[in-house]
Amino acid sequence: MMRLTPHFLLLLTSLFSSAVYAAEETNWRSVVITNEQGLSNSAINSVFRDSRGFMWFGTWDGLNRYDGKSIKTFYPDIYDDSAISNNIIRKMLEDGNGNLWVVTERGLNRYSHDKESFSSWFTEYPELSLREHSLKASIGDEGQIWIKAYGLGVFKYDPDLGDFKQVLIPCFED
């Protein structure tokens, strides 16, 4: 009679778990999205899937939201304060409250799902757009958004104020 060793049982369990996991993952489908389907530009800088299931594509010419059937593109508009601040999209992230944040070449934007509009920050610093990636964003451990702006410092979003507060870091004052 064959004796099952702990190593063999671990291997068997691992193979079975992998097979079950692979079977669950077979529901994925591939879709080709190009300019012909409505993508604003074929040069994609960033891809993000939000908690609502939308796929977001940040390009050199606009922010694209894909719902599985169609694409909606968001462009800047100098006559509309609720438009995205710039057409060059660098990064997208989602905070702990489900807010979509979009880093552009000229500022940071928070998307309002209800109004399909944007609120913008750091747009009053034209020097940020002179240097690529001068505005960086990340989500903290507690789901809050942090910003590093080249030459300006580090900032943390304060939801009570509805604005960013500079965070002074000892030993990094310059």
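**View 1. Trp121 meets Phe164 in this predicted model.** Start with Trp121, which counts as buried at 11% relative accessibility. Phe164 is buried too, at 10%. The two ring centres sit 5.6 Å apart with the planes at 80°, so this is an edge-to-face pair. The pair ties together distant parts of the chain: Trp121 belongs to strand S8 and Phe164 to strand S12, 43 residues apart. Zoom out a little and ring pairs join Trp121 and Phe164 with Trp101, Phe122, Phe155 and Tyr157 in a cluster.

**View 2. Phe54 has Trp56 and Arg65 for company.** The count of aromatic pairs comes to 14. One of them is Phe54 with Trp56, an edge-to-face pair with 6.5 Å from centre to centre and 70° between the planes. Trp56 is buried, with 0% relative accessibility, while Phe54 is partly exposed at 22%. Why does Phe54 count as partly exposed? Its 22% is not under the 20% that buried calls for, and it is not over 50% either, so it lands in between. Arg65 joins in as well, lying over the face of Phe54 at 4.9 Å from the ring centre.

**View 3. Strands S7 and S8 make a hairpin.** Here strand S7 (residues 107-112) runs antiparallel to strand S8 (residues 117-121), and 5 bridges pair them. Ser112 has Ser117 in S8 as its bridge partner. Between the two strands come 4 residues. Look for Glu116 in that turn: its phi is positive, about 50°.

**View 4. Four strands line up as an open sheet.** The order is S9-S10-S11-S12, with antiparallel pairing. Which strands stand at the edges? They are S9 (135-139) and S12 (163-167); each has a single partner strand, so one side of each goes without a neighbour in the sheet. From one strand to the next, the twist averages 30°. At the S9 end, S9 pairs with strand S10 (residues 145-149) over 5 antiparallel bridges. Ile139 finds its bridge partner in S10, namely Ile145.

**View 5. Lys69 sits in a loop.** The loop in question runs between strand S3 (62-66) and strand S4 (71-74). Is Lys69 buried or exposed? Lys69 is exposed: its relative accessible area is 79%, and the cut-off is over 50%. Gln37 is worth finding here as well: Lys69 and Gln37 are 32 residues apart in sequence, and their C-alpha atoms are 9.5 Å apart in space.

Notes: Residues are numbered from 1 along each chain as its sequence is written. This is a predicted model: local features need pLDDT of at least 70, side-chain atom pairs count only at pLDDT 80 or more; totals for chains, interfaces and linings use all residues. Side-chain values use heavy atoms; hydrogens and water are left out. Two strands pair if DSSP finds at least two bridges between them. Axes are lines fitted to C-alpha atoms, for helices over the stretch in contact, and angles run from 0 to 180 degrees between N-to-C directions. Buried means under 20% relative accessible area, exposed over 50%, partly exposed in between (1.4 Å probe, protein chains only). Rings of Phe, Tyr and Trp (its six-membered ring) pair if their centres lie within 6.5 Å; planes under 30 degrees apart count as stacked, over 60 as edge-to-face and the rest as tilted. A charge sits over a ring if NZ of Lys or CZ of Arg is within 6 Å of the ring centre and within 35 degrees of the ring normal.
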